[in-house]
Amino acid sequence: MSETALPSAAAPQSGRLSSWQLLMANRLAAVGLFALSAILLIAILAPILPLPDPDITDQPNRLLPPLSPGHLLGTDHLGRDILSRLIWGTQVSILVGISATAIAALIGSLIGLSAGYVGGKADNIMMRLIDMLMAFPYILLALAIVAVLGPGLLNALYAIAVVNIPFFARNIRGVTLSIRHSEFVDAARLSGKGHLAILFTEVLPNVLPVIVITMSTTVGWMILETAGLSFLGLGAQPPTSDLGSMLGQGRAQLFTAPHVSMVPGIMIFLLVMSINLLGDGIRDVLDPRLRSGALNRPMAVTTIDRAVKPEPRKANAALLEVANLETGFRSGNRVNAAVKGVSFSLNKGECLGLIGESGSGKSVTALSLLGLVASPPGVISNGAVYLDGEDVLSQPDSQIVAQRGGRVSYVFQDPLTTLHPLFSVGDQIAEAITAHQRMDGKTARAQAVELMETVGIRDAQQRASAYPHELSGGQRQRIGIAMALANDPDVIIADEPTTALDVTVQARILELLQKLRRERGLALLLITHDFGVVAQICDRVAVMKDGEIVEQGETSDVLRAPQHAYTKRLIACVPELGVGRAFLDKVRPLFSGKGAEA
Ligand code: ADP
Ligand code: MG
């Protein structure tokens, strides 16, 4: 999608694509849209097109083949012009399909909204009634409704609408239920808004995309279902005909004059297909997560798009060296840089702190090292990552993937989101081991328990069968560290490993990392926004701001004599019992001038 060249002049300021551009960038949706527009146009123009009357019979000219003079698509068993009947029939089918969808959407959404919003008993009763409707096979239900109301196009329309109401009601109720308790609804309630006002101004706008998506994906179905009823003779009654009844009438001549049934059959196919393609396109456009291309087939390794391929570094290379790394995110036809020319190195057994405020590009830097930034939209546009002198980013994808969790492993900020909720922690550590080493389950499990002991979890044998939600935050982070240690890595990249924890647990986790580093000679890249953490365990520190490293050096030097105004501010933010105010007073003059912009 992002490869499509688009006129940049039409792109909005933000660099994001407009909904129309997004829809057009999806080729299948564009095909659907054009096919549907063509069909709609012809159907709407039916009254002014030079067509013979679709209902005039002409017995001598019955069952003429296509391309006969005066009858482009031939005639049916009563000698009626098939082209004319097709265009009028398409008009009827579309009209019925769209009306049925509108009715089902209106009633279904109202039920869903009120059930979801009111909740409790009312919700229960409404949903059980809906369940009863859903318990019947819907075509049987539609047949039963038509049987009671009597055959006819309008009754078929009601029947199709009724059987589709549950579909809307259930979908909308689910979404409403999840919105009902969100903070903005509470805020609206506290501001004194009434229920109806909240329902229509707060909840409905958030539910609307879901309604539109459900509609766009069901119109095709409804047209098919109406055609089905008409095919059985329960929908359109002569002389009116829709595509379904044309198909039904052509059934008798299926072998002698196949075109009579094939023509409406092909039209139904084209119509439903184009609506469905367009519906899928609309769904993708309305889903904000799909806008940036984030869910657009992410690849195993970040897209690497460098102008020059760097040479390997042989002589006395550092364990990890990052040179002039540039990573950005594609948005439409632009690349917004998040990391701009970052360079640093890390030796064996060393701890480098990467510090900066939120959004400065620390995580993107860390993820770039092994191509973990999701692509699209991520792209590494320059630089190299040398591991023992070899550029990782020049290696084939499979080799990069193999180093993750092997030579280089990661510890992330919130282990509750990175651990699988349905597997025991012991199994997850064992899985991390067997991903890189061949061994049987039992040995892996025993090693997992050993690792849990290493990271200081008491009763490891027993705790191994616990699930992530049964552990405390600190214990979960220890599991995360155990998984990172599983394959004896050379480098551990810890991305804010203690941010989600309280200070006492933080201190213990940092101690643990420090101890493991000493014992195992690990190199540690510690990402944080807290200078206190850096001061505690890092040998060197690199200060990051807006995607660039603004200062780098020995921790003690940087702490003693920070050069950059931003570093001074970061240091000033470290609370020190009793001395904070005095310290702030001391440093305030330092950044009242140059650094005052932030
Ligand atoms: P932090 O220093 O807090 O870890 P990040 O490295 O996560 O910051 O983010 C750096 C910048 O990259 C931010 O401006 C963020 O908006 C941007 N960014 C991160 N992920 C994406 C993404 N998937 N798409 C677009 N921009 C992103
Ligand atoms: Mg981050």
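These are my notes on the cavities and the ligand site of a predicted model.

**Entry 1: empty space.** Rolling a probe the size of a water molecule over the atoms shows where empty space is left. I looked up how many enclosed cavities of 30 Å³ or more there are, and the count is 3.

**Entry 2: the largest cavity.** I noted a volume of about 70 Å³ for the largest cavity. Its lining consists of Asp76, His77, Ile82, Arg85, Met246, Gln249, Gly250 and Val260. I then checked which helices take part: H3 (82–118) and H9 (243–250) each supply at least two lining residues. H9 has the largest share, with 3 residues. By type, I listed 3 nonpolar, 3 polar and 2 charged residues in this lining.

**Entry 3: the second largest cavity.** I found about 40 Å³ for the second largest cavity. The residues that line it are Leu320, Leu369, Leu370, Val385, Leu387, Val392, Val408 and Ile493. I sorted this lining by type and got 8 nonpolar residues, no polar ones and no charged ones.

**Entry 4: ligand 1.** I looked up what surrounds ligand 1 and wrote down Phe329, Ala338, Glu357, Ser358, Gly359, Ser360, Gly361, Lys362, Ser363 and Val364. This shell divides into 3 nonpolar, 5 polar and 2 charged residues. Helix H12 (residues 362–368) gives the most to the shell, 3 residues.

**Entry 5: contacts of ligand 1.** Which backbone atoms lie at short listed distances from ligand 1 oxygen atoms? I found a backbone N or O atom of Ser360 at 3.2 Å, a polar backbone atom of Gly361 at 3.0 Å, and a backbone N or O atom of Val364 at 2.9 Å. Taken alone, ligand 1 exposes 560 Å², and the protein buries 57% of that.

Conventions: Residues numbered from 1 in each chain as written. Chains lettered and ligands numbered in written order. Predicted model: local features only at pLDDT ≥ 70, side-chain atom pairs only at ≥ 80, totals over all residues. Heavy atoms only, no water. 1 Å grid on protein atoms, 1.4 Å probe; cavity = no way out; pocket = protein on both sides within 12 Å on 5 of 7 lines; lining within 4 Å. Points joined across faces, edges and corners; volume = space filled by probe spheres on them. Helix = DSSP H or I, 4+ residues; strand = E, 2+ residues; numbered from the N terminus. Nonpolar A, V, L, I, M, F, W, Y, C, P; charged D, E, K, R; others polar. Near = heavy atom within 4 Å. Polar contact = N/O pair within 3.5 Å; in protein donor to acceptor, adjacent residues only side chain to side chain. Areas by Shrake-Rupley, 256 points an atom, 1.4 Å probe, with all protein chains shown as cover.
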